[in-house]
Amino acid sequence: MAQTIDKEQVKNAIIRAFQFRHACKKFDPDKKISDEDFNFILETAHLSPSSFGLEPWKFVVVQNKDLRKRLEGPAWGAVEKLRTASHFVLVLSRKANSLDARSAHVQHMLKDIQKMPADVVAKMTDAIGNFEKNDFGLTGNDRVFFEWGCRQDYLAVANMMTAAAEIGIDSCPMEGFDKEKVEQLLKDAGVIKGDDYGIACMVAFGYRAREPRAKTRQPIQDVVEWIN
Ligand SMILES: Cc1cc2nc3c(=O)[nH]c(=O)nc-3n(C[C@H](O)[C@H](O)[C@H](O)COP(=O)(O)O)c2cc1C
């Protein structure tokens with residue numbers, strides 16, 4: 001019985017967090033997230049799942065005022081957040097050249113991070129290569145390859161936003177920017193070095209400046225279909 005009550009409490013707390021989370025348009029510029037809380041949010045990104053465990057992401061926390069100001073130009077959907085968010089994260093994703101099965105990154109993940117013995121590395125390299133080329137048709141299409149990594153980045157972003165909401169922190173995910181211009185700016189600023197990463201999206205964190213409008217969603221039966 002005690003377990004049932006705990007589960008109900010947990011479910012209620014999770015739904016409350018999902019209702020609390022909204023795309024926060026303007027943050028209170030005077031309220032800062034503590035280091036401890038922000039590290040907790042980052043850890044949920046760190047622990048997120050990725051295809052073959054290749055972790056295609058990089059999370060760049062931009063606290064530098066000058067860089068935030070420069071991002072306002074090409075990131076039209078992020079202006080108010082760049083100005084007011086406590087923490088502003090650029091979510092980078094690896095490009096084809098560093099997600100290819102034989103790339104230095106993939107080999108590093110298999111050998112050094114996942115600690116596979118050499119014969120397993122060879123088998124996994126073939127399996128990943130086959131998946132990339134034949135199953136998902138990524139090989140030879142750089143943009144599709146990049147978007148494969150971005151899809152995984154978005155899982156980490158969702159986890160960060162949910163975790164933040166669980167502890168009363170607001171967030172906003174953003175795609176309102178000119179991708180090429182932002183990438184050029186980040187290269188010029190030395191944030192993107194070489195050609196391994198592009199930008200997937202941005203996500204801001206902080207505390208709301210005002211209450212949001214009521215949520216709008218299609219009825220659940222319009223988006224869920226059961227085949228019994
Ligand atoms: C991939 C993605 C990109 C988004 N881009 C922006 C953006 O650039 N600027 C912004 O203010 N909101 C942005 N949003 C927020 C959405 O407009 C918002 O999530 C949606 O209207 C639903 O509202 P809610 O999140 O408050 O429930 C984005 C959301 C997602 C998931």
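## A tour from the ligand outwards

Begin by selecting the ligand together with Ala-23, where a polar backbone atom of Ala-23 is 2.8 Å from an oxygen atom of the ligand. Please keep in mind throughout the tour that the model on your screen is a predicted one.

Next, add Lys-25 to the selection and show its side chain, because here the definition of a polar contact, a pair of N or O atoms within 3.5 Å, is again met: a polar side-chain atom of Lys-25 lies 2.8 Å from an oxygen atom of the ligand. Then turn to Gly-176, where a backbone N or O atom lies 2.8 Å from an oxygen atom of the ligand. Taken alone, the ligand would expose 620 Å², and the protein buries 63% of that area.

Now widen the selection to the 14 residues around the ligand, of which Ala-23, Lys-25, Lys-81, Gly-176 and Lys-215 come nearest. If you colour this shell by class, you should find 5 nonpolar, 3 polar and 6 charged residues. Which strand gives the most to the shell around the ligand? Select residues 170-174 to see strand S3, which contributes 3 residues to the shell, the most of any element.

Leave the ligand and select helix H2, residues 35-46, together with helix H7, residues 142-166, whose axes come within 8 Å and cross at roughly 145 degrees. The crossing of H2 and H7 is right-handed. Show the side chains where these helices meet: Phe-40, Ile-41, Leu-42, Thr-44 and Ala-45 belong to H2, while Ala-156, Asn-159, Met-160, Ala-163 and Ala-164 belong to H7. Sorted by class, this contact has 8 nonpolar and 2 polar residues, and no charged ones.

Finally, zoom out and show the whole protein as a cartoon, in which you can look for 9 helices and 4 strands. Followed from the N terminus, the elements run α-α-β-α-α-β-α-α-α-β-α-β-α. The C-alpha trace of the protein spans about 55 × 55 × 35 Å along its principal axes.

Note on methods: Residues are numbered from 1 along each chain as its sequence is written. This is a predicted model: local features need pLDDT of at least 70, side-chain atom pairs count only at pLDDT 80 or more; totals for chains, interfaces and linings use all residues. Side-chain values use heavy atoms; hydrogens and water are left out. Axes are lines fitted to C-alpha atoms, for helices over the stretch in contact, and angles run from 0 to 180 degrees between N-to-C directions. Helices (H or I, at least four residues) and strands (E, at least two) are DSSP runs, numbered from the N terminus. A crossing is left-handed if the near helix is turned anticlockwise from the far one by less than a right angle, and right-handed if clockwise. Contact means heavy atoms within 4.5 Å. Ala, Val, Leu, Ile, Met, Phe, Trp, Tyr, Cys and Pro count as nonpolar, Asp, Glu, Lys and Arg as charged, and the others, Gly among them, as polar. A residue is near a molecule or strand if one of its heavy atoms lies within 4 Å of it. A polar contact is a pair of N or O atoms within 3.5 Å; within protein, one must be able to donate a hydrogen and the other to accept it, and residues adjacent in sequence count only if both atoms are side-chain atoms. Accessible areas come from the Shrake-Rupley method with a 1.4 Å probe; for residues, only the protein chains shown count as cover.
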